[in-house]
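Grab your viewer and a cup of something warm. Below are a few exercises with worked solutions to go through with the structure open.

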Amino acid sequence: MNQGSGNNESRTRFGVLSSHFRPSPFPPPPPRSRMASSEKDAALAAVPSDAPTIFDKIIKKEIPSTVVFEDDKVLAFRDISPQAPTHIIIIPKVKDGLSQLSKAEERHIEILGYLLYVAKLVAKQEGLDDGFRIVINDGPKGCQSVYHIHVHLLGGRQMNWPPG
């Protein structure tokens with residue numbers, strides 16, 4: 001009898017353990033759903049302005065970052081909340097009124113092109129030979145949370161379309 005109850009006990013334990021491996025009848029939520037919501041909330045809470053941002057503090061080395069590229073014009077560093085295996089932020093070191101893409105003027109043409117060129121250099125450096133995505137968020141509905149123009153370089157996984 002003791003052996004039988006032990007057998008039931010092991011079956012019960014096995015049943016509990018194996019229940020963790022059974023597919024759920026419900027599809028899992030997208031892995032970024034919680035993050036996407038907080039990013040959206042941050043973007044909606046951000047006030048568009050020319051005031052100094054967290055990126056200005058990163059440029060001045062007042063806040064640490066993992067820099068992957070730097071020259072006299074731009075700084076590229078790993079995002080602290082990555083949305084892909086490779087997620088790098090590329091920013092101009094001088095804001096020059098360019099808080100968002102919709103504020104761009106003719107005088108910004110050179111730096112805007114240079115940001116994209118650096119994205120290409122960093123993508124190559126990061127081994128993103130199979131492709132990558134470039135994102136520039138603009139304004140609250142574009143999910144911009146930091147008002148210092150920046151390029152997101154995303155790669156290392158298959159991207160989906162439409163993006164969001």
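Buried residues make up 32% of the 164 residues in the protein chain. Keep in mind that this is a predicted model.

**Exercise 1.** Work out the order of helices and strands along the protein chain.

*Solution.* Start with the inventory: the chain has four helices and five strands. Then walk along the sequence, and the pattern reads α-α-α-β-β-β-α-β-β. Next, look at the contacts with a separation of 6 or more: 60% of them are between residues 24 or more positions apart. To finish the overview, the accessible surface comes to about 11,100 Å², and carbon and sulfur atoms hold 58% of that.

**Exercise 2.** Find out which elements supply the largest nonpolar core.

*Solution.* Begin with the members. This core has 18 residues, and those touching the most other members are Ala76, Ile88, Ile90, Leu115, Val122 and Leu153. Now map the core onto the elements: β1 (67-70), β2 (74-78), β3 (86-92), α4 (109-125) and β5 (151-155) each give at least two residues. The largest share, seven residues, comes from α4. There's also a second, separate core of eight residues, with Ile59, Leu75, Ile91 and Val146 among them. As background, nonpolar side chains in soluble globular proteins tend to be buried together.

Zoom in on Ile88 as a last step. Skipping neighbours within four places in sequence, Ile88 is in contact with Val68, Ala76, Phe77, Arg78, Asp79, Val122, Glu126, Val151, His152 and Leu153.

**Exercise 3.** Is Leu116 buried, partly exposed or exposed?

*Solution.* First place the residue: Leu116 sits in helix α4. Its relative accessible area is 45%. Buried needs under 20% and exposed needs over 50%, so Leu116 counts as partly exposed. For a spatial check, pick Val151: Leu116 and Val151 are 35 residues apart in sequence, yet their C-alpha atoms are 7.8 Å apart in space.

**Exercise 4.** Describe the surroundings of His150, the residue covered by the "active site" annotation in an unreviewed UniProt entry.

*Solution.* Locate His150 in the loop between β4 (132-135) and β5. Check the accessibility next: at 5% relative accessible area, His150 falls under the 20% cut-off, so it is buried. Then list the partners beyond four places in sequence: His150 is in contact with Phe55, Ile89, Ile90, Ile91, Val135 and Ile136. Finally, look for polar partners. A polar atom of the His150 side chain lies 2.8 Å from the backbone oxygen of His148.

Note on methods: Residues are numbered from 1 along each chain as its sequence is written. This is a predicted model: local features need pLDDT of at least 70, side-chain atom pairs count only at pLDDT 80 or more; totals for chains, interfaces and linings use all residues. Side-chain values use heavy atoms; hydrogens and water are left out. A nonpolar core is a set of buried Ala, Val, Leu, Ile, Met, Phe, Trp, Tyr and Cys residues joined through side-chain atoms within 4.5 Å. Buried means under 20% relative accessible area, exposed over 50%, partly exposed in between (1.4 Å probe, protein chains only). Contact means heavy atoms within 4.5 Å. A polar contact is a pair of N or O atoms within 3.5 Å; within protein, one must be able to donate a hydrogen and the other to accept it, and residues adjacent in sequence count only if both atoms are side-chain atoms. Accessible areas come from the Shrake-Rupley method with a 1.4 Å probe; for residues, only the protein chains shown count as cover.
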